[in-house]
Amino acid sequence: MPEMSFDDWCRLSESDPAAFVAARRAAIDAHIDSAAPERRTELRLLQDEIDLMRARMPSANTMMRVISSMMIERASVLKVASERLREASDQLEPPDEASH
C-alpha cells in the first residue's frame, strides 16, 4: 500500500468513509505485521482495545484524551521497568578484565 499523507487520509474520509475505514484497517494491520512476531499478539490486543474505546466514546476529543491517558500509563510502566533493569545491571559485577 502506498504511503498516504494526512491530507490524503482526510480527503478519503470525506469522500468515501467506507474506503477510509478499510484503508485505515489495512494500514494498521500492515504496521502490526511488520513488528517482531512475538509482539504481534500484544499489538493486536492493544488495537482491539483502542477500537472498542473508539466505538464507545461520544466524541473524537474524548477519545484523544483517553488514548493520551493510556499512552502516559504505558510510558510510566516502561519507566518503572527501565529503572528496575538499571538497578539490576548496577548490581552485576564488572567483567574480569584478565579473562578478556
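Is F20 buried, partly exposed or exposed, and what is its relative accessible area? In this predicted model, F20 comes out as partly exposed, because its relative accessible area is 22% and the cut-off for buried is under 20%.

F20 also turns up in the aromatic picture, which is a short one: the structure holds one aromatic pair. The partners are W9 and F20, with ring centres 5.7 Å apart and ring planes at 90°, so the pair counts as edge-to-face. The two rings come from distant parts of the chain. W9 sits in helix α1, which covers residues 6–15, while F20 belongs to helix α2, covering residues 17–33. Along the sequence, 11 residues separate them.

Further along the chain, the nonpolar side chains come into play. The largest nonpolar core is made up of five residues, namely I50, M53, M63, I67 and M70. Two elements, α3 (37–56) and α4 (60–91), each supply two or more residues to this core. The top contributor is α4, with three residues. Within this group, I67 touches both I50 and M53, once neighbours within four places in sequence are set aside.

Helix α4 also carries M71. What is the relative accessible area of M71? The value is 55%, so M71 is classed as exposed, given that exposed means over 50%. As for its placement relative to M57, the two residues are 14 apart along the chain, and 17 Å separates the C-alpha atoms of M71 and M57.

How values were computed
Residues numbered from 1 in each chain as written. Predicted model: local features only at pLDDT ≥ 70, side-chain atom pairs only at ≥ 80, totals over all residues. Heavy atoms only, no water. Core = buried A, V, L, I, M, F, W, Y, C linked by side-chain atoms within 4.5 Å. Buried < 20%, exposed > 50% of the residue type's maximum accessible area, 1.4 Å probe, protein only. Helix = DSSP H or I, 4+ residues; strand = E, 2+ residues; numbered from the N terminus. Contact = heavy atoms within 4.5 Å. Phe/Tyr/Trp six-rings, centres within 6.5 Å; stacked < 30°, edge-to-face > 60°.
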